[in-house]
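Biologist: Hello! Could we walk through this structure together, one question at a time?

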Amino acid sequence: QKSDMATLELNGKSLATQTSSAEPVIASTVTGGAGLSGMTSLGTVTAGNLSNTAIVYPAGHVVQVVNNIYNSSSSDSNTSGTLVRFGVSSTYHWKGTINNVGASNHVIVIMSFCFEMYKASTGVAGGGCGIMRDTDGAGTGLTTILEPKTHSNWIDISASNTMDMYDQKTLHFVDTSPATGTNVYYLAGKQHSSSALYVHSTSAFEPFSCTLMEIQR
C-alpha cells in the first residue's frame with residue numbers, strides 16, 4: 001500500500017513529516033543520533049513561512065518592516081496650540097500601523113510628507129510636527145512620543161500681509177517603549193501665533209509615507 005506520508009530525516013532521526021497535502025510539521029523533539037543533540041519544536045511551515053512566536057532573533061535584528069503610502073487628499077487646517085493628529089473630516093490617513101510587536105522590542109518610525117504653514121496676517125508664523133502613538137487605532141489611548149516645539153518652523157516677514165511656507169519634511173524617531181502587540185503611529189502638529197498647519201498629499205504633491213521597523217532587543 002502506497003504511503004501518503006513524507007518524512008525528512010537526519011542521521012536516521014525524523015525532523016519533519018508531511019501527510020498528503022497538509023503543511024509539513026517540524027518534529028517537537030529530536031534526540032540521540034550521531035552528531036545530533038536536542039532540538040526544540042520550531043512550529044509549522046505555512047505557505048512557505050516558518051511561523052512561531054518562540055523564534056528569537058538576535059538583538060538589533062530587524063524583525064519586520066511595514067510601510068503605508070497615502071496620496072489622495074490634504075489635511076484639514078490644524079490650528080491647535082497643543083499637539084493633535086492631522087486629519088480630514090475626522091479621518092486620520094497620516095499614520096502607520098504595526099502588529100505583533102514583541103515584548104521589550106523597539107520600533108523605528110520614519111515619516112515623510114509635504115508640510116504647509118500659513119498665516120493671513122503680518123507678524124510671526126510658527127508650528128511643529130510630531131508623532132503620537134495609539135494601541136487600538138481608535139484614538140482612545142493616544143500618547144505623545146515626539147513632542148515638537150511650536151517654533152520648530154518659524155517665519156517672520158513683517159512687510160507681508162500673508163505668510164505661506166511649503167516644505168518636504170522627514171521625521172525619524174525610535175520608540176523604545178511600544179506596546180506589545182499593535183501600535184498605530186500618527187503624524188501630529190501644533191501651531192504658534194494663530195498659524196494654520198496642513199499636510200498635503202494630493203497627486204500634486206509628494207505622497208505621505210510612514211515606514212515602521214520592529215527591532216529585536
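Modeller: Gladly, and please keep in mind that this is a predicted model. Let's begin with Ser 73, which has a relative accessible area of 17%. Buried means under 20%, so Ser 73 counts as buried.

Biologist: Which side chain joins that of Ser 73 in a polar contact of 2.6 Å?

Modeller: Ser 73 sits in the loop between strand 6 (62-70) and strand 7 (84-85). Leaving aside neighbours within four places in sequence, its contacts include Val 88, His 93 and Trp 94. The polar contact of 2.6 Å, though, is made with the side chain of Tyr 70.

Biologist: How many salt bridges does the structure hold?

Modeller: One of them pairs Arg 133 with Asp 175, and another pairs Lys 190 with Glu 147. Asp 167 and Lys 169 meet in a salt bridge too, at 3.0 Å from N to O. The number of salt bridges in the structure is 3.

Biologist: How many residues apart are Arg 133 and Asp 175?

Modeller: The closest N and O atoms of Arg 133 and Asp 175 are 2.7 Å apart. Arg 133 belongs to strand 10 (residues 124-134) and Asp 175 to strand 13 (residues 163-175), so the pair links distant parts of the chain. Along the sequence, the separation is 42 residues.

Biologist: Is Glu 147 buried, partly exposed or exposed?

Modeller: Its partner Lys 190 has a relative accessible area of 12%, so Lys 190 is buried. Glu 147 has 46% relative accessibility, and exposed would need over 50%. Glu 147 therefore counts as partly exposed.

Biologist: Is Lys 169 buried or exposed?

Modeller: Asp 167, the other half of this salt bridge, is partly exposed at 31% relative accessibility. Lys 169 has a relative accessible area of 16%, which makes it buried.

Biologist: What is the phi of Asn 100 near?

Modeller: Most residues other than glycine have a negative phi. Asn 100, in strand 8 (residues 95-101), has a positive one. The phi of Asn 100 is near 60°.

Biologist: And what is the phi of Ser 104 near?

Modeller: Ser 104 lies in the loop between strand 8 and strand 9 (106-119), and it is exposed, with a relative accessible area of 60%. Its phi is also a positive value in a residue other than glycine. That phi is near 75°.

Biologist: Last one: how many disulfides are there?

Modeller: Cys 129 is buried at 9% relative accessibility, and Cys 210 is buried at 1%. A disulfide needs a pair of cysteine sulfur atoms within 2.5 Å. By this rule, the count of disulfides is 0.

Technical notes
Residues numbered from 1 in each chain as written. Predicted model: local features only at pLDDT ≥ 70, side-chain atom pairs only at ≥ 80, totals over all residues. Heavy atoms only, no water. Helix = DSSP H or I, 4+ residues; strand = E, 2+ residues; numbered from the N terminus. Buried < 20%, exposed > 50% of the residue type's maximum accessible area, 1.4 Å probe, protein only. Polar contact = N/O pair within 3.5 Å; in protein donor to acceptor, adjacent residues only side chain to side chain. Contact = heavy atoms within 4.5 Å. Salt bridge = Lys/Arg side-chain N within 4 Å of Asp/Glu carboxyl O.
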